Amino acid sequence: MSEPLVLGIESTCDETGVGLVRGYDLLADRTATSMDQYARYGGIIPEIASRAHLESFLPALRSALSEAGAGLSDVDAVAVAAGPGLVGSLTVGICAAKALASSLGKPLYGVNHVIGHLAVDELAEGPLPERFIGLVVSGGHSSVLLVDDIATGVRELGGTLDDAAGEAFDKVGRLLGLPYPGGPHVDRLSREGDRRAIRFPRGLAAGKDKERHKYDFSFSGLKTAVARYVEGAQARGEQVSAPDVCAAFSEAVNDSLTAKAVRAAVDTGCSTIVVGGGFSANSRLRELLVARADEAGVAVRMPPLRFCTDNGAQIAALGSELVRAGLPASDWGFSPESGMPLTRTYAAPVG
């Protein structure tokens, strides 16, 4: 008997995603983004994002079903991102998911979007290890997770105390006058610069913080250090090398991320690190993490670039895991959770 067909809906921020997954096989993945609408503002406008989801959902759903060669009647379960994310954006996806699941008479799972960034790796490399370290890095999250079971056993070991890695990259991009979003441009320029030309600080890497926050991150001070460097050079009439600034900044961020992820794996006896999130597309992160993990005898699993940004496939993949584990569906009354804790894989029924 074939495994259940799970429909996944993603609407946490500015991407409207619809994915269809059967077991570990991705049958369809369609994403519409409203990113281009925010260039003039230099950041996401929640109201615009919510309206964009309303406009994009049905076309994305129809396209995904067509790609999979399936109809709504073939769907066995519906999964939707319940958080973390923008409340308005989440509400659009949840309302659509509830309407679909109710009309079809199928179970509905309100899943944790961040955990979905790890679950999506199954669609590329097959079942996840029984126990692993999850490194989730994106515009809003930089977290180290100990995963005993992707459906039921996730523990947060550490996370960012201020800016997330992707957020810091975008802010430095804005500081250097790069187009929005700045992260990809900073990454591109960093490959042209000298990462040793400037020594920027590593947050929480000295004194008591080194042990007290051994799996935590802080990038706010680093961002300030970059701003002061640029302002100081300009005040002295010196030419600022954007590639060198980007390279040195990138190295500081990725040094922290990779060192702490590998340390967590060694400390917990995990033999694998699974990476997910939009920032996992960063070229230096991928290079440095693989090198450091290899030295420590730890394997690294990173999804293909197409799965790094928010997508419906990750929601469907996590929903498939919940169905496979035999977990009960969410209550119909669950609401969006902008700050959904990473220890909650989904909106489990109450009682």
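I began with contacts: among those in the protein with a separation of 6 or more, 74% join residues 24 or more positions apart. I note at the outset that this is a predicted model.

**Overall form**

I looked up the secondary structure next. The protein has 11 helices and 10 strands. I then took the radius of gyration, which is 20 Å. A compact globule of 351 residues would come out near 20 Å, so the two agree. Along the principal axes, the C-alpha atoms fill a box of roughly 65 × 45 × 35 Å.

I turned to burial and surface. Of the 351 residues, 52% count as buried. The accessible surface is about 14400 Å². Carbon and sulfur atoms hold 50% of that surface.

I also checked charge. The protein carries 33 positive and 42 negative charges. Their mean positions lie 4 Å apart.

**Val111**

Where does Val111 sit? I found Val111 in strand 5, which covers residues 108-112. Val111 has 0% relative accessibility, so I count it as buried. I listed its contacts, leaving aside neighbours within four places in sequence. One run of partners is Ala79, Val80, Ala81, Ala82 and Gly83. Further along the chain, Val111 is in contact with Ile315, Leu318, Gly319 and Leu322. Met340, Thr345 and Tyr346 are also partners of Val111.

I took one long distance from here as well. Val111 and Gln234 are 123 residues apart in sequence. From C-alpha to C-alpha, they are 48 Å apart in space.

**Backbone oddities**

Gly83, a contact of Val111, led me to a peptide bond. The bond from Gly83 to Pro84 is cis, with omega near -15°. Pro84 is in the loop between strand 4 (77-83) and helix 2 (87-104).

Which other peptide bond did I note as cis? The one from Tyr180 to Pro181 is cis, with omega near -10°. Pro181 lies in the loop between helix 5 (165-175) and helix 6.

I logged Leu204 for its phi, which is near 60°. That is a positive value in a residue other than glycine. Most residues other than glycine have a negative phi, and most peptide bonds are trans, which is why I wrote these entries down. Leu204 is in the loop between helix 6 and helix 7 (209-212). Is Leu204 buried or exposed? Leu204 counts as buried, because its relative accessibility is 14%.

**Ser190**

I stayed with helix 6, which spans residues 182-190 and includes Ser190. The relative accessibility of Ser190 is 10%, so Ser190 is buried. Apart from neighbours within four places in sequence, Ser190 is in contact with Pro243, Cys246, Ala247 and Ser250.

**Cysteines**

How many disulfides does the structure hold? My search of the whole structure found zero. Cys95 is in no disulfide, and its nearest cysteine sulfur, that of Cys13, is 18 Å away. I find Cys95 partly exposed, because its relative accessible area is 47%.

Why is Cys308 without a bond to Cys13? The closest cysteine sulfur to that of Cys308 is in Cys13, 16 Å away, and this is too far for a bond. Cys308 has a relative accessible area of 1%, so I enter Cys308 as buried.

Definitions and conventions:
Residues numbered from 1 in each chain as written. Predicted model: local features only at pLDDT ≥ 70, side-chain atom pairs only at ≥ 80, totals over all residues. Heavy atoms only, no water. Helix = DSSP H or I, 4+ residues; strand = E, 2+ residues; numbered from the N terminus. Rg over C-alpha atoms; globule rule 2.2 N^0.38 Å. Buried < 20%, exposed > 50% of the residue type's maximum accessible area, 1.4 Å probe, protein only. Contact = heavy atoms within 4.5 Å. Areas by Shrake-Rupley, 256 points an atom, 1.4 Å probe, with all protein chains shown as cover. Lys, Arg positive; Asp, Glu negative; His and termini not counted. Charge placed at Lys NZ, Arg CZ, Asp CG, Glu CD. Disulfide = S-S within 2.5 Å.
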